[in-house]
Amino acid sequence: MNARQVYLLCVALALAALGLFAYKHLVLGFPLQPDAEVEAWDIEVGIRFLSRGEPVKVSLFLPRKNDVYSVVEEHFVSGGYGLTTQIEEEHRVATWAAREASGRQSLYYRATIHPSPNAELANTAKRPPKPSKPGFEGASRAAADALLADIYGRSADAETLVRELIRRLAGLARRGQAIRLLLGDDPSVSRKADVAARVLALAGIPARPVHGIRLQQLARDAPILQWLEVYHDGAWHAYDLETSERRIAKEYFSWWRGTGSLVSMIGGIELSTKVAVTLNKESALLAATAHERAARPALFEFSPLVLPIASQAVYHVFLVVPMGVLILVVMRNLIGVRTFGTFMPVLMALAFRETRLFSGILLFCLLVGAGLSVRFYLERLRLLVVPRLAAVLIAVVHLMFLLDLLNHKFGLQPGLSVTLFPMVIMTMTIERLCVVWEERGPNEAFKQALGSLLVASLAYVAMNLDYLHHLFFVFPELILMILATIILLGRYSGYRLLELRRFKVLAAANA
Amino acid sequence: MLKVLNKLRQLGVLGINRRNSRYLLRYNPRRLYPLVDDKLQTKRLADRAGIAAPELYGVVEIHRQIRDLPKLLAEHPDFVVKPSRGSGGDGILVVAGRSKNGYRKSNGTLISPEELAHHVANILSGMYSLGGQADVALIEYRVRSHPVFDPISYQGVPDIRLIVFMGVPVMAMVRLPTRQSDGKANLHQGALGAGIDLTTGKTLTAVWGNGVVEDHPDTGNALTGIRIPGWSQLLVLAAKCWELTGLGYQGVDFVLDGDKGPLLLEINARPGLNIQIANRVGLLPRLKLVEAHLKELGDASERVAFARNYFPSAQADDHCPMVAQVQEDLLPV
């Protein structure tokens with residue numbers, strides 16, 4: 001009963017930890033590696049116009065999260081204009097308005113987009129509804145039917161059908177009567193896109209004209225492009241309207257759908273719009289947190305990343321302490337190493353973080369040795385226990401100060417710095433060592449000192465791995481995994497490794 | 001390594017983890033620990049149960065009382081000072097006699113009254129107690145070693161440790177002081193531990209440090225085959241300690257006084273495992289056997305009979321174990 005409870009608890013803890021871990025890594029894209037980078041793009045729209053003192057209203061299509069990219073941050077520079085953003089049908093629109101404005105006006109919009117971590121997953125997600133009536137009438141209807149019938153015969157599947165249609169519309173293939181009727185004499189790209197979408201609607205294939213930009217390293221005035229997005233084979237595919245080529249989803253950022261223009265204005269003149277794009281390599285961690293913050297604010301609240309930077313630094317350390325504790329448990333209960341106190345080695349490992357390992361061990365030996373000699377001298381003076389320990393502590397403080405001073409004068413070990421934290425721990429260690437020396441003799445004291453140093457060094461090494469730091473900081477739920485392991489270890493009733501040596505004589509005697 | 005592991009498993013050697021999880025956690029309720037961690041309490045319990053313990057001359061509870069120490073000690077030429085909550089024999093001072101201006105310790109060195117007072121003060125401030133809590137000092141009768149141990153102990157007084165599981169003595173050893181242990185009967189301080197055959201009460205080979213020895217390293221005499229006097233009585237006393245404390249798994253320490261017979265020294269709620277090396281046998285099979293027969297066990301003498309019947313030493317095979325002789329041995333109890 002008891003045992004089963006333990007195992008159930010451990011399995012539950014492990015599952016919770018792994019589930020959350022997998023979700024955060026696979027879905028939210030939290031990186032496993034500390035320095036993984038992700039491509040982030042900064043897009044800036046600058047709108048300039050001349051106002052003649054009349055009420056002005058400027059509308060701008062805003063990018064929306066799509067399958068490939070998501071918008072993680074956006075800023076508006078509105079200087080004196082009222083700003084509203086709203087969602088109209090499938091568009092997001094920002095509207096700047098002012099009752100009175102005169103002279104040159106500038107408005108800016110700035111967005112940062114990241115590749116969606118779950119691009120492949122989301123791409124196959126939703127099937128759009130059947131396209132509505134394409135709205136061809138009379139002659140156009142007949143022309144569209146004829147065109148469709150023609151290319152239908154010359155294609156094998158949706159993709160070849162779309163490409164054939166685009167080739168016809170772009171004039172790459174024979175243009176024929178029907179096309180001319182549908183497009184008019186000098187067709188614009190939007191006209192072609194519109195017609196293509198409607199013809200495909202006639203064939204029952206969902207399609208939509210899309211405006212967007214090409215993502216390049218650096219573009220000060222990126223042209224607004226138009227292409228066609230067609231839904232087939234369970235996903236949306238982008239087609240170039242000039243070449244009928246399939247477009248690479250990563251390279252193009254689709255901004256808004258339909259045939260409207262990016263910026264529309266009422267009340268001003270000489271409108272000019274510039275779109276600038278820059279590539280910005282960001283750490284994957286920042287990207288993921290930005291995603292999570294945008295997508296699921298509630299879950300994000302439970303991560304150390306919401307804390308101020310200063311406390312984050314503390315948790316970088318704190319969250320690996322369980323790892324040190326795990327090592328301690330293994331060393332004590334599986335190996336059988338004896339240490340001072342229960343968690344003293346973990347504290348020592350924390351102290352080593354500030355002194356570095358080798359100087360830490362050196363400092364430890366020097367201080368403990370000096371502290372012990374002071375203590376044995378005080379023993380001769382026949383002091384009561386508490387004042388004697390206090391005297392040792394004060395001596396240790398002084399010794400540390402002296403060591404630091406010497407070190408500073410001669411510049412022996414630049415990394416060696418003594419702060420309050422290791423000092424307290426060293427003092428406590430000396431006290432523990434004295435007690436053991438007193439109660440169990442020098443032999444046992446040395447054994448425990450060595451054991452403590454060994455465990456502390458191992459814990460230090462483990463707790464200082466960048467990788468583990470990163471892992472526990474980004475995925476604090478992994479601590480539950482350690483908890484489960486430690487609970488399991490709590491049920492271990494087999495021999496400790498060093499007991500094998502201790503009882504070896506028994507095995508030999510009975511062999 | 002694996003061979004050792006398998007062998008130990010096969011022998012049923014009890015390890016620390018199993019002792020703690022399987023026996024201490026299950027059979028020793030935490031609330032009973034103070035009964036045995038405090039020797040004064042153990043002494044009082046033993047007194048009530050009619051189990052003899054070294055006579056208590058006095059208790060020093062506060063620093064003020066240290067001044068009255070000489071008066072208290074005046075009528076006792078020899079005595080032992082020990083911390084009530086001490087562990088593992090630490091802080092025990094044995095005074096064997098007087099000299100012109102002070103006391104003579106059992107190892108022959110002298111100690112001034114001032115030093116003795118300092119020692120008592122240290123005890124009071126908790127230097128020898130678990131966790132450093134304040135303690136009291138006990139001053140009690142100094143046990144005279146039984147002559148049977150003279151050839152195999154170096155100064156000091158040997159004590160007899162029995163593991164008593166659910167009131168059944170399951171294993172025993174005698175701890176013999178050596179020069180290295182400074183006359184103390186503590187294994188980790190260098191004393192010898194010689195196994196005792198439960199059935200016959202005769203000593204077996206001994207453990208010293210982590211090795212097995214057959215002769216005393218200081219006296220050179222053979223350790224094995226020495227019959228402990230009053231063994232049957234000792235076993236019954238040990239068995240009774242279960243009723244005394246209620247601890248299912250305990251280590252009971254007796255000394256054999258030359259004049260007063262077996263005296264209860266202390267009881268340990270977390271007894272060590274080296275007794276297995278002294279006896280060259282694992283505890284587990286015995287513990288399991290007792291667990292299997294829990295319902296049939298009656299009073300102390302029945303439990304002792306059970307132990308003598310079931311736990312003869314393999315080492316002592318050629319010496320004894322005939323059930324008839326065992327029962328005869330039981331009669332006088």
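**Chains A and B: interface and chain B fold**

**View 1. Charged contacts between the chains.** Between chain A and chain B, the number of salt bridges is 0. The structure is a predicted model. Across this interface, 8 residue pairs are in polar contact, with both residues of each pair at pLDDT 80 or more.

**View 2. Elements on the chain A side.** Four helices of chain A each give two or more residues to the side that touches chain B: α13 (385–410), α14 (420–463), α17 (497–502) and α18 (504–509). The most comes from α18(A), which gives 5 residues. By residue class, the side of chain A that touches chain B holds 13 nonpolar, 9 charged and 4 polar residues.

**View 3. Extent of the interface.** On chain A, 26 residues are in contact with chain B, where 39 residues take part. The two chains bury about 3,000 Å² between them. Carbon and sulfur atoms account for 59% of that buried area.

**View 4. Secondary structure and contacts of chain B.** Chain B contains 11 helices and 13 strands. Among its contacts with a separation of 6 or more, 63% join residues 24 or more positions apart.

**View 5. Burial and surface of chain B.** Chain B has 333 residues, and 56% of them count as buried. Its accessible surface comes to about 13,800 Å². Of this accessible surface, 51% belongs to carbon and sulfur atoms.

How values were computed: Residues are numbered from 1 along each chain as its sequence is written. Chains are lettered from A and ligands numbered from 1 in the order in which they are written. This is a predicted model: local features need pLDDT of at least 70, side-chain atom pairs count only at pLDDT 80 or more; totals for chains, interfaces and linings use all residues. Side-chain values use heavy atoms; hydrogens and water are left out. Contact means heavy atoms within 4.5 Å. Buried area is the accessible area (1.4 Å probe) that two parts lose on being put together, summed over both. A salt bridge is a side-chain nitrogen of Lys or Arg within 4 Å of a carboxyl oxygen of Asp or Glu. A polar contact is a pair of N or O atoms within 3.5 Å; within protein, one must be able to donate a hydrogen and the other to accept it, and residues adjacent in sequence count only if both atoms are side-chain atoms. Ala, Val, Leu, Ile, Met, Phe, Trp, Tyr, Cys and Pro count as nonpolar, Asp, Glu, Lys and Arg as charged, and the others, Gly among them, as polar. Buried means under 20% relative accessible area, exposed over 50%, partly exposed in between (1.4 Å probe, protein chains only). Accessible areas come from the Shrake-Rupley method with a 1.4 Å probe; for residues, only the protein chains shown count as cover.
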